[in-house]
Amino acid sequence: MRDPVLTEEGYWQAFFEGCPYGMVVWRATRAADGSVEDFEWVDANPQAVEVMGATRDGLLGQRLLERLPHYRELDLFATFVEVVETGEAAEIELLLPPSSETTRRAEDGVWYAVTTVSSGNDEVIVVYRSINEHKAVLKEAVDLMNRDDLTGLANRRYLKARFWAMRERRTTFGLLFFDLDGFKAVNDTHGHRVGDEVLRITARRLVQNVRPGELVARIGGDEFAVLLKSDDDGSVEGVRARLLDAIHAPMNIGDTELKLGSSAGLAVFPVDADSFEALLSLADRRMYEHKHGAA
């Protein structure tokens with residue numbers, strides 16, 4: 001048998017007021033045909049009131065969609081209606097945009113876990129829990145998985161993911177594959193510290209000379225790739241020439257001046273290949289053909 005204390009109004013009120021998360025109670029308002037047309041504010045705890053930048057008295061009795069119209073676009077309104085109609089709880093995660101009243105102090109918006117339960121009598125209790133920190137940690141972990149530690153460029157994993165995203169759009173695009181001529185000699189003569197700086201300088205120069213929307217990645221060692229947004233011969237050749245000129249420019253590292261060459265191979269999707277591995281392999285082969293022809 002349930003402890004009588006748990007059914008007392010004071011117990012609920014203590015939890016409602018002291019909960020560290022924002023809690024709101026809304027009651028459905030219905031149209032003449034019985035459908036839910038909006039929700040009316042019934043109660044809000046101090047945490048919710050603070051985030052809203054309002055007063056409790058200023059909220060009570062107001063209509064949800066009048067104050068927070070973006071809830072309809074975020075499907076929150078539809079979630080509340082479903083909970084009212086079915087009586088089943090719902091849990092969702094969403095990013096409330098910075099333009100919304102509930103995230104006025106966050107430039108990039110705030111991620112929330114939103115739990116909605118029915119309390120009967122056409123009412124829903126909604127709990128908002130910020131998961132921004134969790135999302136930030138998750139984003140950092142994903143970024144680390146997709147980035148090259150030395151240069152900060154995208155790695156092979158992310159390059160492949162971007163390829164498949166572009167492939168889904170069925171547009172034609174190119175893949176340039178580069179390596180550095182004479183890089184082994186730099187490591188052998190000047191050491192890996194200088195070699196690492198050469199790779200970082202090369203990465204910066206590639207990023208500075210691609211067009212918006214194009215991706216530069218380090219494949220491994222002294223090998224780099226660039227996903228081009230089109231295969232137009234003139235524009236692609238222009239990008240290739242610009243990137244090679246940037247790589248060939250002298251590099252000053254401490255008291256050492258280095259000048260490295262580079263070779264580049266181009267493969268085009270879907271003309272040359274239909275998969276990432278095939279496209280990359282062809283671009284790699286053409287790079288070596290370019291290197292041999294230039295030798």
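**Entry 1: a residue in the first helix**

I began with Phe15, which I found in helix H1, spanning residues 9-18. I kept in mind from the outset that this is a predicted model. Is Phe15 buried, exposed or partly exposed? Its relative accessibility is 46%, and because partly exposed is the class between 20% and 50%, Phe15 counts as partly exposed. I then looked up how Phe15 stands to Arg167: the two are 152 residues apart in sequence, and their C-alpha atoms are 52 Å apart in space.

**Entry 2: the chain as a whole**

I next turned to the overall dimensions, and noted that the C-alpha atoms fill a box of roughly 85 × 45 × 40 Å along the principal axes. The radius of gyration of the chain is 29 Å, whereas a compact globule of 295 residues would have one near 19 Å. For the secondary structure I wrote down twelve helices and eleven strands. Of the 295 residues, 42% are buried, and the accessible surface of about 15800 Å² belongs to carbon and sulfur atoms for 50% of its extent. Among contacts with a separation of 6 or more, I noted that 56% join residues 24 or more positions apart.

**Entry 3: the five-stranded sheet**

In which order do the five strands of this open sheet stand? I read the order as E2-E1-E5-E4-E3, with antiparallel pairing. E2 and E3 are at the edges and have a single partner strand each, so one side of each is left without a neighbour in the sheet. Direction ignored, neighbouring strands of this sheet are turned by 30° against each other on average.

I then followed the pairings around E4. E3 and E4 are antiparallel over seven bridges, and Glu91 has Thr115 in E4 as its bridge partner. E4 and E5 are likewise antiparallel, over eight bridges; here Thr116 is matched with Val126 in E5, and Val114 with Tyr128 in E5. E4 and E5 form a hairpin with two residues between them, and Asn121 in that turn has a positive phi of about 55°.

As a reminder to myself, strands of a sheet pair through backbone hydrogen bonds, either parallel or antiparallel.

**Entry 4: helix H6 and the core around it**

Helix H6, residues 76-86, lists Leu76, Phe77, Thr79, Phe80, Val81, Val83 and Val84 as buried. The helix lies across E1, E2, E3, E4 and E5, and runs at about 85° to E2. Just after H6 I came upon Gly87, which takes a positive phi of about 80°.

Which residues have the most contacts inside the largest nonpolar core? This core has 30 residues, and the ones I was looking for are Trp26, Phe39, Trp41, Leu64, Tyr71, Phe80 and Tyr128. At least two core residues are supplied by each of several elements, among them strand E1 (22-30), strand E2 (36-44), helix H2 (46-52) and helix H4 (64-67). The largest share, six residues, comes from H6.

I also looked up Trp41 on its own, leaving aside residues up to four places away in sequence, and found that the residues it touches include Val24, Val25, Trp26, Met52, Leu59, Leu64 and Leu68. There is a second, separate core of 29 residues, which includes Leu176, Leu180, Phe183 and Val194.

I set beside this a general point, that in soluble globular proteins nonpolar side chains tend to be buried together.

**Entry 5: the four-stranded sheet**

My last look was at another open sheet, made of four strands in the order E7-E8-E6-E11 with antiparallel pairing. Which strands stand at its edges? They are E7 (215-220) and E11 (261-269), and each has a single partner strand, so one side of each is left without a neighbour in the sheet. The twist from one strand to the next averages 25°.

Inside this sheet, strand E6 (residues 173-181) and strand E8 (residues 223-228) pair in the antiparallel sense over six bridges, and Asp179 stands opposite Glu223 in E8. Helix H8, residues 156-168, packs on the sheet and touches E6, E7, E8 and E11, its direction making about 135° with that of E7. Helix H10, residues 192-209, lies across E6, E7 and E8, and I noted that H10 runs at about 10° to E8.

Methods
Residues numbered from 1 in each chain as written. Predicted model: local features only at pLDDT ≥ 70, side-chain atom pairs only at ≥ 80, totals over all residues. Heavy atoms only, no water. Pairing = 2+ DSSP bridges. Axes fitted to C-alpha atoms, helices over the stretch in contact; angles between N-to-C directions. Contact = heavy atoms within 4.5 Å. Buried < 20%, exposed > 50% of the residue type's maximum accessible area, 1.4 Å probe, protein only. Rg over C-alpha atoms; globule rule 2.2 N^0.38 Å. Areas by Shrake-Rupley, 256 points an atom, 1.4 Å probe, with all protein chains shown as cover. Core = buried A, V, L, I, M, F, W, Y, C linked by side-chain atoms within 4.5 Å.
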